[in-house]
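The questions below go through one protein model step by step, for a reader who has the sequence and the coordinates at hand. Please keep both in view while reading the answers.

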Amino acid sequence: MHEATIVDAMMEQLSEIVRREGAQTIRSVEVVVGALSGVYPEALRAAFEAAQPGTVAEHATLSLRVEPARWRCTDCGAEGTTEEWPILCERCAGARVDVSGGRELLIAAVELFDTDSTVSASETNHV
Ligand SMILES: [Zn+2]
């Protein structure tokens with residue numbers, strides 16, 4: 001996956017949120033990245049930072065939360081979570097595991113500034 005493309009879509013979503021809420025800019029964004037989504041959190045952060053100037057998220061801080069995948073072994077019934085492929089059962093080392101979750105990529109929370117607080121907030125962010 002191309003992180004820059006993801007960030008473009010994210011920025012569109014963010015300006016939509018800002019317009020809808022009647023705010024001016026965004027203070028912070030929390031994004032959930034599934035551990036198996038194929039997106040590298042650090043690459044996503046770099047792409048986000050590169051895209052920030054001139055957008056509603058220009059002074060926003062980005063927090064990334066990696067969401068692990070859950071697995072359940074169909075052979076022995078063991079369950080657990082993992083953040084990487086390949087997924088083998090931790091108890092019997094079997095490869096017959098059902099995997100759920102860990103593939104999402106979504107904006108979990110957005111904190112907005114209203115018109116009045118935008119200025120002071122931008123100043124603090126420059127420190
Ligand atoms: Zn097992």
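Q: Which residues touch the most other members of the largest nonpolar core, and which element supplies the largest share of this core?
A: In this predicted model, the largest nonpolar core has 15 residues, and those that touch the most other members are Val-7, Leu-14, Ile-26, Val-29, Leu-44 and Ala-57. Helix 1, strand 1 and helix 2 each supply at least two residues of this core. The largest share, four residues, comes from strand 1.

Q: Which residues does Ile-26 touch, not counting residues up to four places away in sequence?
A: Ile-26 is one of the core residues that touch the most other members. With residues up to four places away in sequence left out, the contacts of Ile-26 are Leu-14, Val-18, Val-56, Ala-57, Ala-60, Val-110, Glu-111 and Leu-112.

Q: How many residues make up the other core, which lies apart from the largest one?
A: Nonpolar side chains tend to be buried together in soluble globular proteins. Apart from the largest core lies another one, which includes Ala-35, Cys-73, Cys-89 and Val-97, and its residues number six.

Q: What pattern does the protein follow along the sequence?
A: The secondary structure comes to three helices and six strands. Read along the sequence, these elements give the pattern α-β-α-β-β-β-β-β-α.

Q: What is the strand order of the open sheet with mixed pairing, and which are its edge strands?
A: The open sheet with mixed pairing has three strands in the order 2-1-6. Strand 1 (residues 25-34) pairs with strand 2 in the parallel sense over seven bridges, and within this pairing Gly-34 has Glu-67 of strand 2 as its bridge partner. Pairing on one side only marks the edge strands, which are strand 2 (61-67) and strand 6 (105-113).

Q: Which helices pack on the sheet with the order 2-1-6?
A: Helix 1 (residues 3-21) packs on this sheet and touches strand 1 and strand 6, its direction making about 40° with that of strand 6. Helix 2 (residues 41-51) also packs on the sheet, touching strand 1 and strand 2, and its direction makes about 160° with that of strand 2. The helices asked for are therefore helix 1 and helix 2.

Q: Where on helix 1 do its buried residues lie, on the same side or on opposite sides?
A: In helix 1, the residues Glu-3, Val-7, Met-10 and Leu-14 are buried, and they pack against strand 1, helix 2 and strand 6. Thr-5, Ala-9, Glu-12, Glu-16, Arg-19 and Arg-20 are exposed on the other side of helix 1. Because the buried residues cover an arc of only 60° around the axis, they lie on the same side.

Q: How does Ile-107 count, as buried, partly exposed or exposed?
A: Ile-107 is found in strand 6 and, leaving aside its neighbours within four places in sequence, is in contact with Met-10, Gln-13, Val-29 and Val-31. A buried residue needs 20 or more other C-beta atoms within 10 Å, and an exposed one has 12 or fewer. Because Ile-107 has 14 C-beta neighbours inside 10 Å, it counts as partly exposed.

Q: What is the strand order of the open sheet with antiparallel pairing?
A: Strand 3 (residues 69-73) and strand 5 run antiparallel and are joined by four bridges, and Arg-70 stands opposite Ser-100 in strand 5. The edge strands of this sheet are strand 4 and strand 5, each of which pairs on one side only. The twist averages 25° from one strand to the next, and the order of the three strands is 4-3-5.

Q: Which peptide bond is cis, with omega near -10°?
A: Most peptide bonds are trans. Pro-86 has its place in the loop between strand 4 (79-82) and strand 5 (97-100). The cis bond runs from Trp-85 to Pro-86.

Q: What value does phi of Ala-93 take?
A: Ala-93 is found in the loop between strand 4 and strand 5, and with 10 C-beta neighbours inside 10 Å it counts as exposed. Most residues other than glycine have a negative phi. Phi of Ala-93 is instead positive, with a value near 65°.

Definitions and conventions. Residues numbered from 1 in each chain as written. Predicted model: local features only at pLDDT ≥ 70, side-chain atom pairs only at ≥ 80, totals over all residues. Pairing = 2+ DSSP bridges. Contact = placed C-beta atoms within 7 Å. Axes fitted to C-alpha atoms, helices over the stretch in contact; angles between N-to-C directions. Core = buried A, V, L, I, M, F, W, Y, C linked by C-beta atoms within 7 Å. Arc of directions from axis to C-beta.
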